[in-house]
Amino acid sequence: MIKNWLKIAFINYRKNWLSTIINILGLSVGLCVFLLIYIHWQDEKSYEQWVPNNENIYLVENHISSFGNMSQSSYPELYVSKEKFPEIEDYTIANIWGWYKTRLVAGENSSYSTTGQVSSQFFKFFPFETVVGNINNALTDKSKIALSENTARQLFGDDYKNSIGKTVKKDQNGNLYTVSFIYRFPDENSVFKADYLTLENQPKDDTQWMSYSFLGLFKVKAGTDIQKLEEKLSKQQQYHEEILSKKWGAEVDKKNPTKVFLTPITKMKLDAKGDGISKGDKKSLKILLGLSILILILSGINLINLKTAQSAQRAKEVGVRKTMGSSKGSLVIQFLIETFIICLVAYFIAFALVELLLPSYNKYLDKEIKLSDPNIFVGSAVLLILFALFAGILPATYLSNFKPINTLKGNFSRSKHGVWLRNSILTLQLIISSFFIICSLIIHSQVDFMMKKDLGFKGNQVIQIDFKKTNYNEKDYDVKKYELLKNEVRKIAGVVETTGSVQSLGMGLRNASIAKSASDTTKIVNNVAVGGIEENYFRFYDMKMVAGNDLNWKKTSDTISGTVVNETFVRNMGWNNQQAIGKEILPGWEEKKKYKILGVVKDFYFGGVDKPIDAAAFYNYDRNWAKNSMTNLQIRLDGNDINGTIERIKEFWLTKAEPGYPFDYQFIDKQFAKTFEKFQKQQTLFTTLNIVVLVVALLGLFALSSLLIEQKLKDVAIKKILGADERTIIWDLTKRFLIICIIAVVFSIPVSYYAMNEWLKDFAYRIDMPVWPYALSMISLLILTFIVVSFKAYRATKISLVKYLKYE
């Protein structure tokens, strides 16, 4: 019986070869897209799964009214909580920043590596594999250093396993360390992979409860009520915030109190309340996963629609089989097997496509995902079975329900039930297509709007070089280095001008504090950029003054206590630009020192244009502690020889400025362009998915229209005999599809409007919801539908009349 079913299946595949190919291709592409996004999702969820007892380890996060959600903690918040609350077994500090590197030196060898400053309990939380040394006393004092196996090999060569007890020097500050432990990273995903680790040891009398500078983790006892522990921690933090606020003369925001959150480390990659550690973009991933499921459903719709459309070809077969005694159940199983074979072939093709695309996909994501997780194969196999059931059960049931008396007469293909089913499924298919077109156009408009937005500065032909060797401990080390290098670089041929600043364009805020009005201390602006700048900074970037004047470096009063603020600062203080001139402010980064506002500069962006512009107060960089944060040089190049000038700067940098360090630079406009990357990737992905959806939908539409028009060839022949011209026949064959298309677009409008309105809420500066994408979606789908259907309809007008009417 099964052999007979398979024989019938392959006869039908060959007979309907076009629809079979379209089904397999559609399913393969849909499943491939889904798998690519799904393995990315699984990869993001796999972080810290290797950690023992990970279900009881939590990242400590804080919500502060003036700064929002932060993934950092204060030191007393960690060690006092451990002593005070019995639910907390232990804590550790894990200050690991993947972007921050320093140079280690051992003899003639060196390693430019990522660093981590952790507390002594770190390896109790994260027991890395021991290469050599004792993990239990790896970091018992500040003189010890733990190295990754790769870093140890770079510093000590092949004899690295005998390096315990040897000395390495931190080139940044000259500190010497004794190698105490060498570890091997886990093969699994982790954000805690630093090339070397030193001790972050704070004194027990640290009372800086509001100094959020540490990534802290708690290990809690099994069965702890996390919500109640969060409430206790929040009350403790609120208590100390009130004490310190009174000391500083500030008011506590009772409506938006400080809160403490405990985020499981296995979920913090995607669910951290603050910036986390190398935090992923969960919202975008969920959107893409949802869209990939829609594409998969679309492929299933093609299969359902084509199978039901082929019902006329199978109706007599069903009638004969029922007459011969076949049960409804056996017919359903037969048709499900036929669907399963198509799905199985598509499954193997999809995995082949995934393997083919994975290297490019990894490069796009900047990851190293491998198709080796058995759960993916098992999960996709289960999905295949469910999908085969989903895509096959409706046409299988539909075909098996044919009544023998009707099917043997050939009447069923024209029944209202059959037409309604196909039309409904086709409408759903076109709704999904219209949704994708509308969303793609709106995403493109928003990204285009951001990229064309006036940034408030001109960064053409400007490069920024960040210092790799810095020393915040040695007094004035960084500012002296800055002043020396700016003078030397200005002498290089092709360098037009240099400047510098504490904040970097395109990098967001690096240092921020509060500021008060000196005459009315109830007027407070939170999150004010600490704006130490070079004398020519505003002129260098062609930034415009909208009130008052720039700082005059020749006036002592300007350089000691003068400031220029931006428009956002003035607006947040409740002033207009002219009112601000002459006002005095008390910035939080000075000890009761007043700054007089001399000018207001037009707003410009430090970070991405998806976020609001932060308030900022600018002043002479050499007038307070912030001068040691002048750790970059911004250089304008002569446009006639940019490459040659960069080569000359590179030679100077590698030989005189920072020998032993790699030379890196970034054009300011490209540095700022990085803030768009996330949204450009969303745009690219959505456009790609949109193309996939349209191709799958139009292929399905073509196959469906071909089958339906084939069934009407006798009608076409009769109309031609009666004198109908080609235009009339083509219109009669296509108008039903065009009506369905219009209905589908109308249904897609509220769905896409809601989805895009939610997406746009993430942007501080966004477009108004445009009307044209909805109109363009309808026009484009109508045109594409007409082209696809009319092609087959036109060929139908060329049929041989004798062939279809010889028996009439």
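1. Two strands pair if DSSP finds at least two bridges between them. Strands (E, at least two residues) and helices (H or I, at least four) are DSSP runs, numbered from the N terminus.

2. This is a predicted model: local features need pLDDT of at least 70, side-chain atom pairs count only at pLDDT 80 or more, and totals for chains, interfaces and linings use all residues. Residues are numbered from 1 along each chain as its sequence is written, and side-chain values use heavy atoms, without hydrogens or water.

3. Look at the open sheet. Its four strands run in the order 13-21-12-22, with antiparallel pairing. Strand 13 (495-499) and strand 22 (666-667) are the edges, each pairing on one side only.

4. Strand 12 (residues 462-466) and strand 21 (residues 632-637) are joined by five bridges, in the antiparallel sense. Which residue of strand 21 is the bridge partner of Q464? The partner is Q634.

5. Now the helices across the sheet. Helix 14 (residues 477-489) lies across strand 13 and strand 21, at about 15 degrees to strand 21. Helix 19 (residues 642-657) lies across strand 12, strand 13, strand 21 and strand 22, and runs at about 150 degrees to strand 21. Axes are lines fitted to C-alpha atoms, for helices over the stretch in contact (heavy atoms within 4.5 Å). Angles run from 0 to 180 degrees between N-to-C directions.

6. Turn to I385. This residue is found in helix 11. I385 is partly exposed, with a relative accessible area of 46%. Partly exposed lies between buried (under 20%) and exposed (over 50%), using a 1.4 Å probe and protein chains only.
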